[in-house]
Structures are given as structure tokens and as C-alpha cells.
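Welcome! Here are a few short exercises to work through with the structure open beside you; try each task before reading its solution.

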Amino acid sequence: MPDALRLSTVRAGYGETVILEDVALALPERGSLAVLGRNGVGKTTLLATIMGHTTFHAGAVFFGGRQVERLPVYERVRLGIGYVPQGRDIFPSLSVEENLIVAARPGKRWTLERVYDLFPRLAERRHHRGNQISGGEQQMLAIGRALMGNPALLLMDEPLEGLAPIIVEALLKSLERLLAEDELAVILVEQHAKLALQVTREALVMSRGRVIHQGASRELLADPERLAQLVVAQ
Ligand SMILES: Nc1ncnc2c1ncn2[C@@H]1O[C@H](COP(=O)(O)OP(=O)(O)OP(=O)(O)O)[C@@H](O)[C@H]1O
Ligand SMILES: [Mg+2]
């Protein structure tokens, strides 16, 4: 299967400040990758770099076979990269349904009905404003908005952060369904390492802007000691 996304020897950061150093990864079409690591190691910067929000210093980013590291953000969105930023990017004064409609881009896969089917809670709240729904519903809405763009690659930055366990469970079920049914690749940045490993095929661990481990999610899940070493005691 061809790669949906490939990074090689990427160095990037904010202005002159370099955060990512020598980052390489490959994600196949329909693949799923957990990005783990403690606070401040560069997980958000990695997603922001794939999206085009950082200063790119060196290396290459290929998406769907095209070299994209110098393209502006809107071009990458047009090519099919969807982004659910840390902290949920929704319009508080628009209704749930309006939030979804304004995010739609040409494409056949995703419709309002399909988003509502994936997240039934959003269907119940379709006429509520973005600021009238719970944190979990806002997160579902943020993901729904990204899906309305019919992405081939979906980047999610800590979607489970700050959510009640019952909502986490519902969201994970939807994510699992999404990965099984839709033809998209996903990168999931998470502090909840075990949950992220349960729903992804591959995993990558970062430390100080570098990739310090890459392998099957299953293997890390089966080796809690190694996982703790990599993610906690770096
Ligand atoms: N806009 C910015 N300008 C300069 N430095 C930044 C900026 N945003 C983040 N950084 C720095 O980049 C490094 C990596 O931050 P990043 O947000 O990517 O980490 P993270 O792994 O996502 O952390 P967290 O788990 O807390 O979300 C940190 O040292 C941070 O201070
Ligand atoms: Mg972050």
C-alpha cells in the first residue's frame, strides 16, 4: 500500500527556534499512528509542521506522493489533510449543524447524516450553539468538522484531554469505527498512552523533539514496563 504521509529528516520549529530534529515517519493509506511522549516533547509541533503552521528548516514532507513542506496551510487542507487542534477549534456562536456545514469541502464521503451517525450525541444537539454543549460534545464536533472536509489524513491533538471517562469511552468507540470503516489515515496524539495504543496500529514516542521509538502499538501495549520507560521516565 502506498504511503499517505512520509516525513524524512525533518527539522522545524518556531522562527529560529528548532524544536523537531531529524524526525522521520511513514504512515500507509488507512494507517493509524499514535504519537506519545510527555509534556513539551514536540507532539503538537509535529502535527503543526505536517499542517504547515511552523517554520520549516530542513527535510521533506510527502503527502499522497506530493512534496508539501513548502505549501501554505490552505493548500494542504485542499489536498486532504484534516486537523483537530488541541483545545477544539469550533465556532461558539454557531449551532452544531452550522459548525459542520461551514467546514464542508467538496467530496463524496462525508455528509451531515454520516457525522450524526458516527456521533449520535451531535444529532441530538444539532440546534444548540457551540458554547452550549459539553466538552465531550465539543470534541466530537471538532472531529466532525474535520471529517466534513473529507480528509485523507486526519491529525488529532489530544482529543481525550479533560473528558469524563464515559465520554472518553464513547469517543474511542467512534474513533475505532472511523478507522475500521473510512478510507482515511489517522495520527492520534495522546497523553492517555494505553487508550491511544488500543485504537492504533503503529506507535511513535517522542522525546525532546526527536523520535525515540517506533513500532507496532500492540507490542508496546504488551510491554507496560517498556511503555513506562519510554513515555514517563525519559
Ligand atoms: N509558538 C511557539 N513558539 C515558541 N516555542 C514554542 C511554541 N509552541 C511550543 N513551543 C515550544 O516547543 C516545545 C514543544 O512544544 P509542543 O507544544 O509541541 O509539545 P507537546 O508535546 O505538544 O506538549 P503537550 O503534551 O504539553 O501538549 C516546547 O518546548 C514549547 O515550549
Ligand atoms: Mg501538545
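A residue counts as buried if 20 or more other C-beta atoms lie within 10 Å of its own, as exposed if 12 or fewer do, and as partly exposed in between. Keep in mind that this is a predicted model.

**Exercise 1. Decide whether K173 is buried or exposed.**

Solution. Start by placing the residue: K173 sits in helix α7, residues 165-181. Next, count its neighbours: K173 has 12 C-beta neighbours inside 10 Å, so it is classed as exposed. Finally, look across the chain: V199 is 26 residues away from K173 in sequence, with 9.0 Å between their C-alpha atoms.

**Exercise 2. Check the span of helix α6 against the value expected at 1.5 Å a residue.**

Solution. Helix α6 covers residues 135-148, which is 14 residues. The expected span uses one less than the number of residues, times 1.5 Å. That gives 20 Å, and because the end C-alpha atoms of α6 are 20 Å apart, the two agree. For its surroundings, note that 13 of the 14 residues in α6 are buried, leaving the helix mostly covered. After α6 comes N150, with a positive phi near 50°.

**Exercise 3. Describe how β8 is covered and which strands pair with it.**

Solution. Begin with burial: five of the five residues in β8 (residues 185-189) are buried. Then split the strand by face, since side chains in a regular strand alternate between the two faces of the sheet. On one side are A185, I187 and V189, on the other V186 and L188, and all are buried. Now turn to the partners. Strand β3 (residues 32-36) runs parallel to β8 with four bridges, and S32 is opposite V186. Strand β7 (residues 153-157) is also parallel to β8, joined by five bridges; here D157 has V189 as its bridge partner.

**Exercise 4. Work out which elements and residue classes make up the shell around ligand 1.**

Solution. List the shell: among its residues are Y14, T17, I19, N39, K43, T44 and Q86. Assign elements next: β2 (17-28) and α1 (43-51) each give at least two residues, with α1 providing the largest share, three. Sorting by class gives three nonpolar, eight polar and one charged residues.

**Exercise 5. Compare the radius of gyration of the protein chain with that of a compact globule.**

Solution. For 234 residues, the globule rule predicts a value near 17 Å; the chain has 17 Å, so the two agree. As a companion figure, the C-alpha atoms fill a box of roughly 45 × 40 × 35 Å along the principal axes. Buried residues account for 43% of the chain.

Terms used:
Residues are numbered from 1 along each chain as its sequence is written. Chains are lettered from A and ligands numbered from 1 in the order in which they are written. This is a predicted model: local features need pLDDT of at least 70, side-chain atom pairs count only at pLDDT 80 or more; totals for chains, interfaces and linings use all residues. A residue is near a molecule or strand if its C-beta atom, placed from the backbone, lies within 6 Å of it. Ala, Val, Leu, Ile, Met, Phe, Trp, Tyr, Cys and Pro count as nonpolar, Asp, Glu, Lys and Arg as charged, and the others, Gly among them, as polar. The radius of gyration is taken over C-alpha atoms; the globule rule is 2.2 Å times the number of residues to the power 0.38. Two strands pair if DSSP finds at least two bridges between them.
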